[in-house]
Amino acid sequence: MDLPTLKKKLLEERGFDPHQYSDSFFKRRLATRLRAHAVSTYDDYALILKKDPDEYDKLWSALTINVTRFFRDAIVWEAIEKKMIPELISYKEARGEKCIRVWSAGCSTGEEAYSIAILLKPFAEEFTTFIYGTDRDARGLDRAKEGVYGVSSLGEIKPKHASYLEHSDGEYRIKDEIKRMVKFMKHDLLEDKYFKRIDLILCRNVLIYFKKEAQEQVVSNFCESLKEHGYMVLGRVETIFVEAKERFTPVDLGKRIYRKSEQH
Ligand SMILES: C[S@@+](CC[C@H](N)C(=O)[O-])C[C@H]1O[C@@H](n2cnc3c(N)ncnc32)[C@H](O)[C@@H]1O
């Protein structure tokens, strides 16, 4: 059995479409499952899937790399805090708008969504703030809803931001005042409907898993999701393709912060 046949089998038997993931990423993750069973061919792996249907779940988990932490890539968060948020707030104040809507897409276990909530907390009295944290992986979302983290999740958090976490017995628990600001829900970027009227989309370290066409579709959908003047932040290893360049204006290209261009 070759790779396309195995992919077709996964689609037909489980409705999971691996074609959207880049071949190199998919092959690397699949190889970890072959190694786990000490097999070396896709035929042998197909037999394992037949004998043990739980293996499908294990393969999905292998495809869902959900490493994350608070304020991951501190210099990007510095720009979000010092440049982007003040700009957004002034824009809203100038128009008398009273609501801020943020979407952390592919939020994994929630640290990114809580990081932006921490930065927006000082404005929460002036603005009604909605933060949506979404992911296709339900297990990560359960942990996000719990909001309890180990020290390794703290990453580059500054002491003033860490004060929104309660520390006890080696665990860090997000305080209720921040937890209340975020709503977590399951959402597949390749299949589900997108939110509308969003002011800021954080979608970091997610697009890398997708093929070019899927990345383009996701970025184009984001453009539709954003309000006029809305922001989009991607991961530092990610970039937008030529086709999307007209639709987004770089605010800080190196940090992958973009604003929706006018007339789009
Ligand atoms: C490396 S984590 C990124 C977490 C966070 N955004 C960050 O940068 O730290 C990638 C996340 O993308 C999610 N993901 C992968 N494919 C997805 C899809 N089709 N729709 C929604 N989320 C997806 C994974 O489940 C995983 O939690």
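1. A residue counts here as near the ligand if its C-beta atom, placed from the backbone, lies within 6 Å of it. With that in hand, the ligand in this predicted model is surrounded by 22 residues. The closest are N66, T68, G106, S108 and R204, so you may like to have those five in view while you read on. By class, the shell holds 7 nonpolar, 8 polar and 7 charged residues.

2. Now the chain as a whole. The protein chain carries 11 helices and 10 strands. Its C-alpha trace spans about 60 × 50 × 30 Å along the principal axes. The radius of gyration is 20 Å, which agrees with the value near 18 Å for a compact globule of 264 residues. Of these 264 residues, 34% count as buried. Among contacts with a separation of 6 or more, 73% are between residues 24 or more positions apart.

3. On the domains: the chain is divided into domain 1, residues 3-63, and domain 2, residues 74-260. Their centres, taken over C-alpha atoms, are separated by 31 Å. How many residues of each domain are in contact with the other? On the domain 1 side there are 4, and on the domain 2 side 5. The side of domain 1 that touches domain 2 is made up of 2 nonpolar and 2 polar residues, with no charged ones.

4. Within domain 1, have a look at F16. This residue sits in the loop between helix 1 (3-14) and helix 2 (23-36). F16 is partly exposed, since 15 other C-beta atoms lie within 10 Å. Setting aside neighbours within four places in sequence, F16 is in contact with L10, L11 and W60. W60 is 44 residues away along the chain, yet the C-alpha atoms of F16 and W60 are separated by 9.0 Å.

5. K58 is another residue to pick out. K58 belongs to helix 4, residues 54-63. It has 16 other C-beta atoms within 10 Å and is therefore partly exposed. Between the C-alpha atoms of K58 and R33 the distance is 7.8 Å, with their positions 25 residues apart along the chain.

6. Moving on to L120, which lies in helix 6, residues 111-120. Is L120 buried or exposed? L120 is buried, because 21 other C-beta atoms lie within 10 Å and the cut-off is 20 or more. Leaving out neighbours within four places in sequence, L120 is in contact with I100 and T129. L120 and I100 stand 20 residues apart in sequence, and their C-alpha atoms are 9.2 Å apart in space.

7. A sheet to trace by eye: 3 strands form an open, antiparallel sheet in the order 3-5-4. Strand 3 (148-149) and strand 4 (165-168) are at the edges, and each has a single partner strand, so one side of each has no neighbour in the sheet. As a reminder, strands of a sheet pair through backbone hydrogen bonds, either parallel or antiparallel.

8. The pairing of strand 4 with strand 5 can be followed residue by residue. Strand 5 covers residues 171-174, and 4 bridges join it to strand 4 in an antiparallel run. L165 has I174 of strand 5 as its bridge partner, while H167 stands opposite Y172. The two strands form a hairpin with 2 residues between them. In that turn, D169 has a positive phi of about 50°.

9. Two further residues with positive phi are worth checking on screen. R197 is not a glycine, yet its phi is about 55°. R197 lies in the loop between strand 6 (182-186) and strand 7 (198-203). N205, also a residue other than glycine, has a positive phi near 60°. N205 is found in the loop between strand 7 and helix 10 (212-225).

10. Which of the classes buried, partly exposed or exposed do these two loop residues fall into? R197 has 12 C-beta neighbours inside 10 Å and so counts as exposed. N205 has 20 such neighbours inside 10 Å and therefore counts as buried. Both sit exactly on a cut-off, because 12 or fewer gives exposed and 20 or more gives buried.

Definitions and conventions. Residues numbered from 1 in each chain as written. Predicted model: local features only at pLDDT ≥ 70, side-chain atom pairs only at ≥ 80, totals over all residues. Nonpolar A, V, L, I, M, F, W, Y, C, P; charged D, E, K, R; others polar. Helix = DSSP H or I, 4+ residues; strand = E, 2+ residues; numbered from the N terminus. Rg over C-alpha atoms; globule rule 2.2 N^0.38 Å. Contact = placed C-beta atoms within 7 Å. Domains from an automatic or database assignment. Pairing = 2+ DSSP bridges.
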